[in-house]
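Colleague: I would like a close look at one part of this model, worked through with some care. Please set that part within the rest of the chain as you go.

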Amino acid sequence: MDRAVDTSDAPQAPVDAQCPACGLHALVPVTLAQLANGRWRQVDEPDPTAAQHVVLDTCPVCFGAWFDRGEFDVLGDGAVDSVRLAGMEARRSTRVCPRGHGPMYEHQLPGLLKTPIECCSRCAGIWLDGEERRKLAVRTTTEGQQALKEKLVRRGVIWVAQIVTQLPVEVDNPARGTPWLVYLLLGGFLLLFFAEVQGFLFYRDWAVISGKIVRDYDDSVHTLVTHQFLHGSWYHVLFNAYFLYIFGDNIEHLFGRWRFALLFIGAGVAGGALHVLLSYATATPVVGASGSIAGVMAAYLWSFPRAKLFQTIFFVQLKIPAWLYLGAWVGLQLVMGFFTTKVQFAWFAHLGGFVFGLLMTPLVLRARRFEVGREVRVPAAAYAPR
Ligand SMILES: [Zn+2]
Ligand SMILES: [Zn+2]
């Protein structure tokens, strides 16, 4: 086995590789500049006043990052010597080096991390997963860059807002690019609701009324689609818009526009259909994007289970992983659907949309991995097109 580490100082070509961890995105270069005060900041253009720059290759989906040899010495917390690691015997990983050197090797760092980090024995580059990066290289994360005062101010503002609204806030999961479809939907919701308020639209005409669909299928089946875009009150429309904004931007970026549109409308139709099948509120008109948004939430759960959300419960602000938050949300829908008589919420519509999202997302993610693998020079081994 050739374990000789290549220590030539030739400038390295840009990385063109699929994320070796999640396979859902190509690695994206991010330029970090060290400012005069010693702190690191992400910059779009090299900053002439900066002491030094490092270009890190990161995955915008799972937040893992690739550190070429030497980069970790600058950005890490000084506890790991990558060249020494690269020379050590270790277990072969299923993940491949983004520089095209084949499988990396897993190294345990007892006392620092529970999970092993991956290191390439040829180029001594290091791969850190999102969580590992938050622990070993805080300088490369947005949160790790904030001074204590900034952190406290931000959390204080969120705390007050959450006591009033009870809405969740993402800790650190910015989407790349502009989520045009999400913006279009948000604008459409507001415009249509305004038209309702002004009397141009009557929401009953476009709502799902299960008794009517059963009796008069041909004449009302279209409401399974139309009901998604109308809302019953300002509170209803703003609440839904907020959830769509929080969860939708990342999913639109990951799915692409057409698949996101299919997810949104499909989940809404599935939600409406389940409501017709299971709810006894047969004369109540149901409107709102809640079922569609439940589908988007299911996609988020599949795609970003370890993303964290702030939620304030009984005045205590907690950082909750998305899987726990969304799991609790599903539990609430189930309990309320089967055991309460509160018909102003269409619990079954939420569940139907969520199930649609759970079924569709793994298929989309699989397709994405193959597509990304075809577009790059170094595909991740597990998803390499054959
Ligand atoms: Zn990834
Ligand atoms: Zn390598």
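What follows is a request about one metal site and a single connected reply.

Colleague: Which protein atoms are the donors of the zinc ion (ligand 2), how are the donor residues spaced in sequence, and what does the rest of the chain look like around this topic?

Modeller: Since this is a predicted model, everything I describe is computed from its coordinates. The zinc ion (ligand 2) has four protein donors, namely Cys97 through SG, His101 through ND1, Cys120 through SG and Cys123 through SG, and these lie 2.1 to 2.3 Å from the ion. The angles among the four donor atoms run from 104 to 113°, and the site is tetrahedral. For comparison, the ideal angle for four tetrahedral donors is 109.5 degrees. Along the sequence, the donor residues follow the spacing C-x3-H-x18-C-x2-C. Two of the donor residues can be described by their accessibility: cysteine 97 has a relative accessible area of 0% and is therefore buried, whereas histidine 101, at 25%, is partly exposed because its value lies between the limits of 20% and 50%.

Turning to the strands, an open sheet is built from eight of them in the order 2-1-3-4-8-7-6-5, with antiparallel pairing. Its edges are strand 2 (40-43) and strand 5 (91-96), each of which pairs on one side only. On average, and with direction ignored, neighbouring strands of this sheet are turned by 40° against each other. Within the sheet, strand 4 (residues 65-67) and strand 8 (residues 126-128) pair in the antiparallel sense over three bridges, and tryptophan 66 has tryptophan 127 of strand 8 as its bridge partner.

Aromatic side chains give a further view of the model, in which the count of aromatic pairs comes to eleven. One of these is the pair of phenylalanine 239 and phenylalanine 243, which is tilted, with 5.0 Å from centre to centre and 45° between the planes. These two residues are separated by about one helical turn because they are four residues apart in helix 10 (residues 234-255). Phenylalanine 239 counts as partly exposed at 32% relative accessibility, while phenylalanine 243 counts as buried at 8%. The rings of phenylalanine 243 and phenylalanine 247 have centres 6.1 Å apart and planes at 35°, so this pair, too, is tilted. Phenylalanine 243 and phenylalanine 247 are likewise four residues apart in helix 10, and therefore separated by about one helical turn; both residues are buried. One aromatic cluster takes in Tyr235, Phe239, Tyr242, Phe243, Phe247, Tyr300 and Phe304.

Towards the end of the numbering, arginine 377 is placed in the segment after helix 14 (347-375). Arginine 377 has a relative accessible area of 56% and is exposed, because that value is over 50%. Its C-alpha atom is separated by 8.2 Å from that of glutamine 18, although the two residues are 359 residues apart along the chain. Leaving aside neighbours within four places in sequence, arginine 377 is in contact with Pro14 and Asp16.

For the chain as a whole, the secondary structure comes to 14 helices and eleven strands, and buried residues make up 48% of the 386 residues. Among contacts with a separation of 6 or more, 69% are accounted for by residues 24 or more positions apart.

How values were computed: Residues numbered from 1 in each chain as written. Chains lettered and ligands numbered in written order. Predicted model: local features only at pLDDT ≥ 70, side-chain atom pairs only at ≥ 80, totals over all residues. Heavy atoms only, no water. Buried < 20%, exposed > 50% of the residue type's maximum accessible area, 1.4 Å probe, protein only. Contact = heavy atoms within 4.5 Å. Donors = N, O, S within 2.8 Å, 3.2 Å for Na, K, Ca; no water. Tetrahedral: all angles 85-135°; square planar, octahedral: opposite > 155°, others 65-115°. Pairing = 2+ DSSP bridges. Axes fitted to C-alpha atoms, helices over the stretch in contact; angles between N-to-C directions. Phe/Tyr/Trp six-rings, centres within 6.5 Å; stacked < 30°, edge-to-face > 60°.
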